[in-house]
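Thanks for coming. I will take the structure on the screen in two parts, one chain by itself and then the place where two chains touch.

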Amino acid sequence: MKKIEAVIQPFKLEEVKEALKAIGIDGMTVTEVRGHGRQKGHKEVYRGQEYQVDLLPKVKIEMVVASPRAEEVISALSAAAKTGKIGDGKIFVYEVSEAIRIRNDERGETAL
Amino acid sequence: MKRILSILSLSALATAHLLGQAATPSPTAALEAAIKSAQMNADNAWMLVSCALVLMMTAPGLALFYGGLVRRKNVLGTMMQSFILMVIGTVLWALIGYSLSFGEGSPYIGDLRYLFLDKVGGDPNATYAATIPHQTFMLFQMMFAIITPALITGAFAERMKFSAMVLFTILWTLLVYYPMAHMVWGNGGLLNAFLGGQIPCLDFAGGTVVHITSGVSALVCALVMGKRKGYPSEPMKPHSLTLSFIGAALLWVGWFGFNAGSALSAGTLATSAFTATHFAAATAALGWILAEWMQHGKPSILGGISGAVAGLVAITPASGFVKPMPALIIGFLAGIFCYFMVVKVKSMMGYDDSLDAFGVHGAGGTLGAILTGVFAVSEINPAFKDASGKILPVGMLEGNGGQVMNQIIGVGIAWVLAIVGTFIILKVIDAVVGLRVSPEEETMGLDLSQHGEEGYSLES
């Protein structure tokens, strides 16, 4: 099993969700986060007082899938989240050693 | 029904009078009484609405405007500072404030003839406003006594102890506001242009009484209390400009009661003041936005609403004396001038007037008070007459150059009273209970540390 974690532009969330649904992914966890990579923040001015805002709003999507499906999910996600501009985000992939469904104690890929 | 009957009887009386059938004095007297009562009711209706409009400026107007400008952890504390004045300001006014402001005492402070609102009832006080109940006049003036100290709270926002703030408010209202209100508007007050003042200073709705006293006191507060912890290195940006926008819009509307209501009647002077008020707000917003657009590359909402308030402040003393075109000019100058004071002078001098109470009210009020002496005309308000009743010129452009000097003296007295009064009051309170919250409480925020609650509960 693999965990796929993607940090994307907030306005791309709907497209990404649709793309994942289209390939049959029906579980995910979404968090509103703030951060920045190589994209720098922006300047705000309040009554002449300038503020440099470095941490920008982003959305983090986490999901765990069966290992053979990982590449397919990554390419769907990447295609949907892409604008081609700096600030599009990143995808990280982790090995997952176990998954347990709390309701009935199913384990492994059947619990996904 | 009562009204229809009175109109019917009025016309019947008028007809009888015209036909000469009733030459006895009694129908004429009845007619006069009916006319007087109709005018009184009309004026009273407008004045009661104005009272409500001015109260609306303090809360929700000012409470939202200031509340949005602070950080999230201080939103309730800031709103409470405005709200508590509706409570304390009212009680003080009822007990002693009205009498000290409008009792006909010395040139500097009123006497105790209206203590506990004695003799302040339905009959008009002809000295102040002959066509509205004395009690309406008292109410209208009370709303000014409430909002004035509330304006100061912008200077010490996010760091003053609530207990100290309450004490400050009480002492400041007693020692600075009531004397200033009496000097400018009280019968026989030193600066009263209409009721026998030695130095006739024109202040229609409170440029000196409200805005200079509060704005200059705000500067003293900022200097004596010191900066907020972390200012200016840590970011302290407004937590909700949406709230501030709503607050400023309510202030703009409420200001029609403040200025047009200061005509104390519902006639042409009220309309003229309404016009001047609105026009100045518009050009001041324009001035601030343009200055900001040129300097920082973007026109901001905060700049727009700050400019509008600056214009409303500056036109306040002038509103019942100037024609529409000078109102446009006064507003535009105020927008640029206050922008310069807030954006340039504050950072140059380094004081932490957190919400710019001095930059907007002190600076705008001073500019407006002086420009009133320049642009006032007798066509709008025949303030000065000679012994034979001939109308004399009022402002500088009309040929009364000395009026600008009178305005400057009025401004000077307001500045000195505000500086000395506020400084002494702050030092006394600091010695008794302390002015500031502890550094831990300041980090925690006023909402939790002073009031034990939070403005936004995101978990519930």
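**Chain A and its contact with chain B**

Chain A has two helices and six strands. Keep in mind that this is a predicted model. Going along the sequence of chain A, the order is β-α-β-β-β-β-α-β, with a strand at either end of that pattern.

Now the overall dimensions. What radius of gyration would a compact globule of 112 residues have, and what does chain A have? The globule would be near 13 Å, whereas chain A comes out at 17 Å. Along the principal axes, the C-alpha atoms of chain A fill a box of roughly 60 × 30 × 20 Å.

Next, burial. Chain A has 112 residues, and 13% of them count as buried. A residue needs 20 or more other C-beta atoms within 10 Å of its own to be put in that class.

As for contacts inside chain A, take those between residues at least 6 apart in sequence. Of these, 73% join residues at least 24 apart.

That leaves the contact between the chains. How many residues does each chain give? Chain B supplies eleven and chain A supplies six. On the chain B side, the elements giving two or more residues are α9, residues 301-315, and α10, residues 324-349. The largest share of that side comes from α10(B), with three residues. By class, the side of chain B that touches chain A is made up of five nonpolar, four polar and two charged residues.

That is what I have for today.

Definitions and conventions:
Residues numbered from 1 in each chain as written. Chains lettered and ligands numbered in written order. Predicted model: local features only at pLDDT ≥ 70, side-chain atom pairs only at ≥ 80, totals over all residues. Helix = DSSP H or I, 4+ residues; strand = E, 2+ residues; numbered from the N terminus. Rg over C-alpha atoms; globule rule 2.2 N^0.38 Å. Buried ≥ 20, exposed ≤ 12 C-beta atoms within 10 Å, placed from the backbone. Contact = placed C-beta atoms within 7 Å. Nonpolar A, V, L, I, M, F, W, Y, C, P; charged D, E, K, R; others polar.
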